[in-house]
Amino acid sequence: MFTPAKELELTTGEGPIVARSPIDGTVLARLPAATVGDVETAIVRAAEAFKAWRIVPAPKRGEFVRRFAVALRERKAWLAEFITAEVGKTRQEALGEVQEMIDIADFAVGLSRQLYGLTIASERPGHRMMEQWHPLGPMGVITAFNFPMAVWAWNAMLAWVCGNPVIWKPSEKTPLCALACERVLKQVMSEITDLPVGLSQILIGKADVGEALCRSVDVPLISATGSVRMGKAVGATVGARLGRSLLELGGNNGLILTPSADLELAVRAIVFAAVGTAGQRCTTLRRLIVHESIADAVVARVVKVYASLPIGDPRDDRTLVGPLIDQHAFDAMQQVLTTAKPIARQIIGGGRIIGSVPEGGFYVDPAIVDGIDPSVDIVQQETFAPILYILRYRTLDEAIAIHNGVPQGLSSAIFTSDIREAERFMSPAGSDCGIANVNIGTSGAEIGGAFGGEKETGGGRESGSDSWKAYMRRTTNTINYSKDLPLAQGIKFDF
């Protein structure tokens, strides 16, 4: 059996950070917690590393990332084992997460030769304007448990090619995943003689570590993934010192299902989006907004599929739905279902599975809450569990209003065969989310597109497209190659 602590040559020891497997509740390791003093030391090292790394040519920085990508490919299955053990993801989902790391590394390598600025026409004769993008400085990355490797990689790969050192504060629930990444990275770094020491650092700690990182004026960018509550605290702390925040927060995601939709395709997308990772993705489908003419038939089909889902030990290749991360997640789910019971038309599923699954884990039947007012608090909030609300509508205008009528704005989707409905959904008067899909679900973004959302989701963008600009500082340059000194806007200042 794969034993994470032994793989990392760790002893269970004693320490306040407890790595526990959601599969069966087993303690995987006990680790010492970093202190505020450790944060200060890490920032000093990162600052020294930045002085050297910022002047390394970007393509050479990309070569470092390329070599890391090679190592990730070689250790893909090994890294996935940590995700399964510490998060409870199925093998396929765990392998998919490591593949995300590889993909973003490949993206970053190409990007290292494409950190382009603009050449701008000057209004003054004999002048040229241009913009440059320069390294920003040490950055802090705070990640959540549900993607314990990929989200760090989204940030780190881009940060490195952009010339920035990275200080990583992983979730307290997934320290071993972080240490496994570090093991692979340190091996690569040991083979490259001219890398600065503080280029990559990990701080296994509690909230005080994250707070100290956010307070430091020497960390110009903080990228944080987690709850809206956490994001507001990060934003306030970083904003108080006029630093930059890149926030990826809650996603109360909706999918509009129209009468013209391909229901076979839609049901497949709905089920994966709603129950993948046991409903613990920021892009999980939580609100199915379905036309009243097909609602009953769609609910019946989803219920039938739910009943056949293999739920259990994620180490079994037949399993499609693993456990919740811990009892806190289970209790939160049950509290919401209890609140929903007197105000919903019907609730299907949601109970804990016992007997056919590993003892000590919190395995649940995915829940369907049918016929509930979309304005009630439990629908307006994100519950990190497999709860799918069924919300009926009559007109597309009503559906879009329901869809946009929540504080969050991450991922969204519409299933339709009507091009007008699809275009309306993607228009300025349609979905208000950072991601708007047509005929695919809300979950499963590719790294080529910028990932992130609006409203309480935080407004940040990570991964692809031009999100690299968040990790750099822009300078506008004007070059005078004439023998005159004309002023902009035609101003005269002769003396």
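**Strand pairing and local contacts in the predicted model**

Within β9, S223 has L246 as its bridge partner. The structure described here is a predicted model. The bridge between S223 and L246 belongs to the pairing of β8 with strand β9, residues 244–248, in which five bridges join the two strands in the parallel sense. Between these strands the chain passes through helix α9, residues 228–240, and the resulting β-α-β crossover from β8 to β9 is right-handed.

Strand β8 also pairs with strand β5, which spans residues 139–142; the two run parallel and are joined by four bridges. One of the pairs involves M139, whose bridge partner in β8 is L221. Strand β8 itself, residues 221–225, is mostly covered, five of its five residues being buried. The burial extends to both faces of β8: L221, S223 and T225 lie on one side, I222 and A224 lie on the other, and all are buried.

Helix α9, which forms the connection from β8 to β9, packs in turn against helix α8, residues 207–215. The axes of α8 and α9 are 8 Å apart and meet at an angle of about 35°. On the side of α8 the contact is made by E211, C214 and R215, and on the side of α9 by V234, T237 and V238. Classified by residue type, this contact comprises three nonpolar, one polar and two charged residues.

A further sheet is open and contains seven strands, arranged in the order β12-β15-β16-β11-β10-β18-β19 with mixed pairing. Its edges are formed by β12, residues 346–348, and β19, residues 435–438, each of which pairs on one side only. On average, neighbouring strands of the sheet are turned by 20° against each other, direction ignored. Strands of a sheet are held in pairs by backbone hydrogen bonds, in either a parallel or an antiparallel manner. In the case of β18, residues 411–415, and β19, the strands run parallel and are joined by four bridges. Among the residues of this pair, S411 has I435 of β19 as its bridge partner. Helix α11, residues 295–308, lies across β10 (253–257), β11 (285–291), β12, β15 (367–370) and β16 (387–393), and runs at about 165° to β15.

The loop between β19 and β20, the latter comprising residues 450–451, contains T442. Because its relative accessible area is 3%, which is under 20%, T442 is buried. Residues up to four places away in sequence being left out, T442 touches N253, G254, A273, T283, T284, L285, S411, S412, A413 and N437. With T283 there is a polar contact, in which the side chain of T442 reaches the backbone oxygen of T283 at 2.8 Å.

A contrasting position is that of E123, in the loop between β3 (119–120) and β4 (127–135). With a relative accessible area of 58%, which is over 50%, E123 is therefore exposed. Neighbours within four places in sequence aside, E123 is in contact with A488, Q489 and G490. Its side chain reaches the backbone nitrogen of Q489 at 2.7 Å. The C-alpha atoms of E123 and L487 are 9.5 Å apart in space, although the two residues are 364 residues apart in sequence.

Technical notes:
Residues are numbered from 1 along each chain as its sequence is written. This is a predicted model: local features need pLDDT of at least 70, side-chain atom pairs count only at pLDDT 80 or more; totals for chains, interfaces and linings use all residues. Side-chain values use heavy atoms; hydrogens and water are left out. Two strands pair if DSSP finds at least two bridges between them. Axes are lines fitted to C-alpha atoms, for helices over the stretch in contact, and angles run from 0 to 180 degrees between N-to-C directions. Contact means heavy atoms within 4.5 Å. Buried means under 20% relative accessible area, exposed over 50%, partly exposed in between (1.4 Å probe, protein chains only). A polar contact is a pair of N or O atoms within 3.5 Å; within protein, one must be able to donate a hydrogen and the other to accept it, and residues adjacent in sequence count only if both atoms are side-chain atoms. A crossover is right-handed if, with the strands pointing away from the viewer, the path from the first strand over the helix to the second runs clockwise. Ala, Val, Leu, Ile, Met, Phe, Trp, Tyr, Cys and Pro count as nonpolar, Asp, Glu, Lys and Arg as charged, and the others, Gly among them, as polar.
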